[in-house]
Amino acid sequence: MKRLLAAVAVGSFAILGVAGSSRAAELHVLASTALKPLLEKVAPGFEAVSGERLVFSWGASYGNAPDALPVRLRNGERADLVVMIREALDAQVEQGHVRPETLRDLATSKLGLAVQGGAAKPDIATTEGLRRTLLAAKSVAISSGVSGVYAANSLFPALGIAEPLREKTVLIEAPALVGQALRNGQAQVGLQQMSELLAVPGIEIVGPLPDEVQRVNVIAAAVATHAQRGEGAEALIRLLQSPQTAQGLAAFGFSPMGASVVSDRAPSTF
């Protein structure tokens, strides 16, 4: 990761297309919690060459919680750049909260499974293995975000285990992470996007779900309609699309969109 940041620093002037300044202006970013580890790593390099200080607000791409990104945009919270699940961002285009001509797909993220630190890793290579793992767990943590909605409404019913899991499902309200619930003993097994599982040390990540029941999310970015730092926001999008950042995306559980990744925006069925 240090080599990644060094590469970003070396090439950033050309990529960003913005000049540094003696006084750092604030560039406000509303972003999905799934991007937090990556954006916090990229931020120092961007700030060093752009002269702008990134101010992050994290939340879920969906939902009606006060800190959910759609609610914040609807309430008029200041934003220059918005980064979230593509379908959710499309809705913000329709509502006039972001500039459609600036919308760019960045990466895809798969849904994965993790267990408590030190626990044996179960076999989830097949849908039957995943089904047995979830049934055997005393408690299963899911997020209130898009991954948890998919798990509760599509995955569990498709596996025929919705009823047995109803009493032992632990709902983790975003932006808190499922991995934190595993680490503090709230749950034995957790389901969330791979990027968010990788953000929590001390847990055992088993891997992504089988392709037959996988939910692949597209992460996208766009400049907010009323952005005060629109040029800087576009520069940050260019950095997130750059070869310098592709390695970091992969390290944090994403597949850069330029890396021949097949995306399926609809929940998988089998």
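**Exercise 1. Serine 50**

Decide whether serine 50 is buried or exposed in this predicted model, and find what its side chain reaches.

*Solution.*
Step 1. Take the relative accessibility of serine 50, which is 2%. The cut-off for buried is under 20%. Serine 50 therefore counts as buried.
Step 2. Place the residue. Serine 50 belongs to helix α2, which covers residues 36–50.
Step 3. Follow the side chain. It reaches the backbone oxygen of phenylalanine 46 at 2.8 Å.
Step 4. Look for a second polar partner. A polar atom of the serine 50 side chain lies 3.1 Å from the backbone nitrogen of glutamate 52.

**Exercise 2. The open sheet**

Work out the strand order of the open sheet of 6 strands and which strands stand at its edges.

*Solution.*
Step 1. Write the order: β2-β1-β3-β10-β4-β11, with mixed pairing.
Step 2. Read off the edges. β2 (52–59) and β11 (254–256) each have a single partner strand, so one side of each lacks a neighbour in the sheet.
Step 3. Add the twist. From one strand to the next, it averages 25°.
Step 4. Add a helix. α11 (residues 243–251) packs on the sheet and touches β4 (104–109) and β11. The direction of α11 makes about 155° with that of β11.
Step 5. Zoom in on one pair. β3 (residues 81–85) and β10 (residues 217–223) run antiparallel over 5 bridges. Within this pair, valine 82 has alanine 222 of β10 as its bridge partner.

**Exercise 3. Alanine 79**

Find where alanine 79 lies and which residues it touches beyond four places in sequence.

*Solution.*
Step 1. Locate alanine 79: the loop between α3 (69–74) and β3.
Step 2. Check its cover. Its relative accessibility is 7%, so alanine 79 counts as buried.
Step 3. List the contacts. Alanine 79 touches His28, Leu30, Leu73, Ala224, His226 and Ala227.
Step 4. Pick one of them, alanine 224. Alanine 79 and alanine 224 are 145 residues apart along the chain, yet their C-alpha atoms are separated by 6.0 Å.

**Exercise 4. Two packed helices**

Describe how α5 and α6 pack, and name the residues that make the contact.

*Solution.*
Step 1. Know what to report. Two packed helices are described by the angle between their axes and the distance between the axes.
Step 2. Fill in both values. α5 (residues 127–136) and α6 (residues 146–159) pack at about 105°, with axes 10 Å apart.
Step 3. Classify the angle. Angles of 65 to 115 degrees count as roughly perpendicular, so α5 is roughly perpendicular to α6.
Step 4. Name the residues. α5 contributes Thr127, Leu130, Arg131 and Leu134, while α6 contributes Leu155, Phe156 and Leu159.

**Exercise 5. A covered helix and a cis bond**

Determine how many residues of α10 are buried, then find which residues the cis peptide bond joins.

*Solution.*
Step 1. Count in α10 (residues 230–240). Of its 11 residues, 8 are buried, and the helix is mostly covered.
Step 2. Name them: Gly230, Gly232, Ala233, Ala235, Leu236, Ile237, Leu239 and Leu240.
Step 3. Turn to the peptide bond. Most peptide bonds are trans. A cis one joins alanine 174 and proline 175, with omega at about 15°.
Step 4. Place proline 175. It sits in the loop between β7 (169–172) and α8 (178–183).

**Exercise 6. The whole chain**

Summarise the chain by its secondary structure, burial and contacts.

*Solution.*
Step 1. Count the elements: 11 helices and 11 strands.
Step 2. State the burial. Of the 270 residues, 53% are buried.
Step 3. Take contacts between residues at least 6 apart in sequence. Of these, 78% join residues at least 24 apart.

Notes
Residues numbered from 1 in each chain as written. Predicted model: local features only at pLDDT ≥ 70, side-chain atom pairs only at ≥ 80, totals over all residues. Heavy atoms only, no water. Buried < 20%, exposed > 50% of the residue type's maximum accessible area, 1.4 Å probe, protein only. Polar contact = N/O pair within 3.5 Å; in protein donor to acceptor, adjacent residues only side chain to side chain. Pairing = 2+ DSSP bridges. Axes fitted to C-alpha atoms, helices over the stretch in contact; angles between N-to-C directions. Contact = heavy atoms within 4.5 Å. Parallel < 35°, antiparallel > 145°, perpendicular 65-115°, else oblique.
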